[in-house]
Amino acid sequence: MSDLFEYSDRMTSPVEAFYCNKNTMSLPVENHWHYFVELLYMIEGNVFITCNENTYHLTPGMMIMIPPQAIHSVYSEDGQDFNYSCIKFNTNRIQMIEGYLPNLNIQFHEILQMQNPPLIFTEDSFPDIGLQSTLDNLINEVRQKNYGYNTYIYSILSSLMLRILRIWYDMGIPMNTEPLTDTDTYAIQDVILYIDKHSNENINIPQLASMCNMSYSYFAKVFHRQFGQSCKQYIEFIRLSKAENLILFTDYDLTTIAEETGFADCSHLIRCFKKRFSLTPKQYRLQHRTI
């Protein structure tokens, strides 16, 4: 079973910006995750975006912001033409220096814990800027690589992220400014890579804590702080996301899928899958079949 992680070098912190259409790619884009924020703005046509537990229907003029480490996919149910802009960037390059502003990565994880995360924005969300023209400008800057383009791009992205924080603040969403050390952050990132790679095996959580040089209780606190769920719940979430890929994009039977994704047996897979998706794997395959 392939990993869900989409590799990109977090140290060099690149910006990726491009258009997605039938000439440049094909749908669906299967479940995956990465360290970067991803902005998708629909120009023509429509697509469906899954992001952790939620599904969004993206139509022209709408933008979705996919937080770091969120498992997401893109698909179309009608096979029509589509065209959307895609911007990926590292939030560690966004400088929020005022003490009352939150750590972006932590804030994004807390937003994802909400029942209906407010991740969709439109042109009306930013009345003082043209959203599509701003994203078009970013894509052109990445393509042309003019002098100082990285600094210019991140100045625009910083402004956009601040506008999003203001929208959330005006909605009454608390801005959590509790610090998290870089050491703890990178330790947990190494752990989630390990979970992704070894999700079909028996994973010992105290051993994960030891890998981080943390006590079990401190590891549990830091993990929950970043992901809003226990490590055990996160492991099941990863296994179910991989199972969803196999259900949608292969003809594997459920026994094989259970073995490939780390569930004890077929019954265990069905029970956990139905709890998350409110459908059995068979029902889900029939409703969402893409092959």
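# Questions on a predicted model

Me: What makes a residue count as a contact of M175, and which residues does M175 touch?
Reply: This is a predicted model. Contact calls for heavy atoms within 4.5 Å. Not counting residues up to four places away in sequence, M175 touches P102, Q107, L165, W168 and Y169. M175 itself is found in the loop between helix 3 and helix 4.

Me: How far apart are M175 and F227 in space?
Reply: From C-alpha to C-alpha they are 16 Å apart, with their places 52 residues apart in sequence. F227 is not among the residues listed as touching M175.

Me: Why is T185 called buried?
Reply: Buried means under 20% relative accessible area. T185 has 17%, so T185 is buried. T185 is found in helix 4, which covers residues 182-197. T185 and F223 are 38 residues apart in sequence and 9.2 Å apart in space, C-alpha to C-alpha.

Me: Is N54 buried or exposed, and what value decides it?
Reply: N54 has a relative accessibility of 14%. That is under the 20% limit, so N54 counts as buried. The place of N54 is in strand 5. Leaving out residues up to four places away in sequence, N54 touches I49, Q115, N116 and P117.

Me: What makes Y147 exposed?
Reply: Exposed means over 50% relative accessible area. Y147 has 88%, so Y147 is exposed. The place of Y147 is in the loop between helix 2 (131-144) and helix 3. The C-alpha atoms of Y147 and W33 are separated by 31 Å, and these residues are 114 apart along the chain.

Me: Which class does S278 fall into, buried or exposed?
Reply: The relative accessibility of S278 is 56%. This passes the 50% mark, so S278 counts as exposed. S278 lies in the loop between helix 9 and helix 10 (281-288).

Me: What is said about the phi of S278?
Reply: Phi of S278 is near 60°, a positive value in a residue other than glycine. N52 also has a positive phi, near 55°, and is likewise not glycine. The place of N52 is in the loop between strand 4 (47-51) and strand 5.

Me: Which residues does a cis peptide bond join?
Reply: The cis bond joins L27 and P28, with omega at about 10°. P28 is found in the loop between strand 1 (16-21) and strand 2 (29-32).

Me: How do you know that helix 1 is mostly covered?
Reply: Eight of its nine residues are buried. Those buried residues are L104, N105, I106, Q107, F108, H109, I111 and L112. What covers them includes strand 3 (37-44), strand 4, strand 6 (62-66), helix 3 and helix 6 (216-227).

Me: Why is helix 7 called largely enclosed?
Reply: Of the 19 residues of helix 7, 16 are buried, so the rest of the structure largely encloses it.

Me: How does the reach of helix 7 compare with the expected span?
Reply: Helix 7 reaches 27 Å from its first C-alpha to its last, close to the 27 Å expected at 1.5 Å a residue.

Me: What makes a set of residues a nonpolar core, and how many residues has the largest one?
Reply: The members must be buried nonpolar residues of certain kinds, joined through side-chain atoms within 4.5 Å. The largest such core has 51 residues, and those with the most contacts inside it are L39, M65, Y84, F89 and W168. Helix 3 (residues 149-170) gives the most to this core, with nine residues. A second, separate core of 25 residues includes I203, C212, M214 and F219. In soluble globular proteins, nonpolar side chains tend to be buried together.

Me: Which residues is M65 in contact with?
Reply: Leaving aside neighbours within four places in sequence, M65 is in contact with V37, E38, L39, F108, L119, F121, M161, I164 and W168.

Me: What lines the largest pocket?
Reply: The lining has 34 residues, and E53, Q229, Q233, Y234 and F237 lie nearest the centre of the pocket. Strand 5 (54-58), helix 1 (104-112), helix 7 (231-249) and helix 9 (266-277) are the elements that give two or more residues to this lining. The largest share, eight residues, comes from helix 7. The volume of the pocket is about 840 Å³.

Me: How many residues of this lining are nonpolar, polar and charged?
Reply: The lining divides into 16 nonpolar, 11 polar and seven charged residues.

How values were computed
Residues are numbered from 1 along each chain as its sequence is written. This is a predicted model: local features need pLDDT of at least 70, side-chain atom pairs count only at pLDDT 80 or more; totals for chains, interfaces and linings use all residues. Side-chain values use heavy atoms; hydrogens and water are left out. On a 1 Å grid over the protein atoms alone, a cavity is a set of points where a 1.4 Å probe fits but cannot get out, and a pocket is an open set with protein on both sides within 12 Å along at least five of seven lines; lining residues have an atom within 4 Å of a point. Grid points are joined across faces, edges and corners, and a volume is the space filled by probe spheres set on the points. Helices (H or I, at least four residues) and strands (E, at least two) are DSSP runs, numbered from the N terminus. Ala, Val, Leu, Ile, Met, Phe, Trp, Tyr, Cys and Pro count as nonpolar, Asp, Glu, Lys and Arg as charged, and the others, Gly among them, as polar. The expected span of a helix is 1.5 Å times one less than its number of residues. Buried means under 20% relative accessible area, exposed over 50%, partly exposed in between (1.4 Å probe, protein chains only).
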